[in-house]
Amino acid sequence: MTLTDFDPEDYPIVVAIDFGTTFSPKQNIQYAKTPTLNLYQEVNGKYRMIEWGWKSKLQMETPAASKYIQLYKYKPHLDENLALVPWNDKVSVPDAISDYLRALHEYVVEKILQEFGRSYSRKSFRYCLTVPAMWSDKAKDVMRKAAVRAGLISGDDHPDRLTLVSEPEAAALYCEKACKQYDLGHGDRFMICDAGGGTVDLIVYEISMTAQGRHLSEVTKGHGASCGSMFIDLNFGNLLIKKFKRQGAEFPKSVIQTLVETFAYQLKPQFDGEEDMYLALPRNDCFDDIKDPRSIGIDGGYMCLKATELKKVVFEPVVMNVLALIQEQLDGAKNCSAIFMVGGFGSSSYLLQRVKQRFSNMVKTISAPHKPEMAVVCGAVYAGLNPKIVTARVTRRCYGVGVNERFEEGVDPISFKIMKPDGARCKNRFSTFVRKGQKVQVDECVTNSYHFTKSDSTSNFSINIYAIDGYPPRYTTDYGVSKLAEISIPDPFNPWDSIGHK
């Protein structure tokens, strides 16, 4: 199979996977998502995943829990801009992702084949895997390779059988279905705020109506930050530790984790900023070490959590980051008719309330669509079924290639000077193809013209592709420039080498 003969009709079933920091749809339980948890056991010096999702969580609540290693919240470690404690578990992050995707994929395939019987086979599937908009090309490449190792597709398959879709774009396709409900039409702009467990991704789209139907184009470049609901959980865990330490109690990590999980699953989604909340405490002898339980709100097996304290210490430090991200998008979009809150954290009534308080005087409609926690995975299916609905995207980085430009005395460093038949050249110059923030139409071809100087020592030439998160640099060696790929191109007629710009 060549890169030009991919036909979606050969793969009639689209499987979308929203691989989240804390949850990924779906396993057999009431909640629509299953925890992103891996449970490992050491076997002959190697670690083998024995359970995943809810079963992993339940297994860690048995007396045999000490025999296992549970991995969780490992997805953020692919974000190179996030200052996390270095990952030092026995299983690497890419391997953990691959193990989880393999188990999830087998579960999904089994359910699909049960439903459709002999009508389809595994060869009928193509995949849309969602990734944060803020991720680097390197992080996306790690995710794609992990998916291939997990068996979603094989190395021999056409690469388009597995498509990576940004999470806010997938959510936009889901919300686009609701545009008529919110009276949004041609020329209107709407923002997606995809607030998940680890990241919050945002982007603004403009609606255009054509003879072919409704289409979307990016107005701002998608961006975000690691300020999802897991950081609310971290704040809550730190609050508990401080409360217990004030009473002279040192709690095991497992007890704190259980309390945080109870808060995350049961209390956090219902928090409205007004009502105090009550956290059920598990039976454990360590609570006997608390000198004065009532001073920290413990009575009758429950801990009272004051709404004012939860707002100030647990929620607001994270919510303020989200509000700042929304403001940045509004500044870039100039005008916006609607903000749609999606994702698990996006369904938080407190977050929605705070967004309305802050921006209702600027944006007419601020809403969470039906089942906001499922927006990304449902939208990813729409992306697979209709990949042409988004007609233009805004580049996240500046991209270019390395060339040999004419050497400028007094400007270019002497160490970059090379002599060619047509004169002195400066190597390592950056030739820009697209700038950061530039709107590019889908399938648009951006071209630059170059010529190559002849050499008898080689029968091919290389083109190095570079990117930078900023303005176009002068040299490919400048700070912040990263090399993305090297393409070796054989010359069918004559041997050539170094690349030069006209």
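A residue is called buried when its relative accessible area is under 20%. The term is used throughout the following description of the protein chain, which is a predicted model.

Across the chain as a whole, buried residues make up 48% of the 502 residues, and the secondary structure amounts to nine helices and 26 strands. Along the principal axes, the C-alpha atoms occupy a box of roughly 90 × 65 × 60 Å. Of the contacts in the chain with a separation of 6 or more, 70% join residues that stand 24 or more positions apart. The chain exposes about 25,200 Å², of which carbon and sulfur atoms supply 50%. Its charged side chains comprise 62 positive and 60 negative ones, and the centres of these two sets lie 1 Å apart.

Helix H2, which covers residues 93-116, allows a simple check of geometry: at 1.5 Å a residue its 24 residues should span 34 Å, and because its end C-alpha atoms are 34 Å apart, the expected and computed values agree. The buried residues of this helix are Val93, Ala96, Ile97, Ser98, Asp99, Tyr100, Leu101, Ala103, Leu104, His105, Val109 and Ile112. Within that list, Asp99 has a relative accessibility of 18% and therefore counts as buried, since the cut-off is under 20%. The side chain of Asp99 makes a polar contact with the side chain of Arg102, at 3.2 Å. When neighbours within four places in sequence are left aside, Asp99 is in contact with Asn38, Tyr40, Met49 and Val91.

A second aspartate, Asp18, is found in the loop between strand E1 (13-17) and strand E2 (23-24). Its relative accessible area is 8%, so Asp18 is likewise buried. The side chain of Asp18 makes a polar contact, at 3.0 Å, with the side chain of Thr130.

The loop between strand E6 (68-72) and helix H2 holds Glu80. Apart from neighbours within four places in sequence, Glu80 is in contact with Ser136, Lys138 and Ala139. Glu80 may also be considered together with Lys311, from which it is separated by 231 residues in sequence, while the distance in space, taken from C-alpha to C-alpha, is 30 Å.

Conventions: Residues are numbered from 1 along each chain as its sequence is written. This is a predicted model: local features need pLDDT of at least 70, side-chain atom pairs count only at pLDDT 80 or more; totals for chains, interfaces and linings use all residues. Side-chain values use heavy atoms; hydrogens and water are left out. Helices (H or I, at least four residues) and strands (E, at least two) are DSSP runs, numbered from the N terminus. Buried means under 20% relative accessible area, exposed over 50%, partly exposed in between (1.4 Å probe, protein chains only). Contact means heavy atoms within 4.5 Å. Accessible areas come from the Shrake-Rupley method with a 1.4 Å probe; for residues, only the protein chains shown count as cover. Lys and Arg count as positive and Asp and Glu as negative; His and the chain ends are not counted. The place of a charge is taken as NZ of Lys, CZ of Arg, CG of Asp or CD of Glu. A polar contact is a pair of N or O atoms within 3.5 Å; within protein, one must be able to donate a hydrogen and the other to accept it, and residues adjacent in sequence count only if both atoms are side-chain atoms. The expected span of a helix is 1.5 Å times one less than its number of residues.
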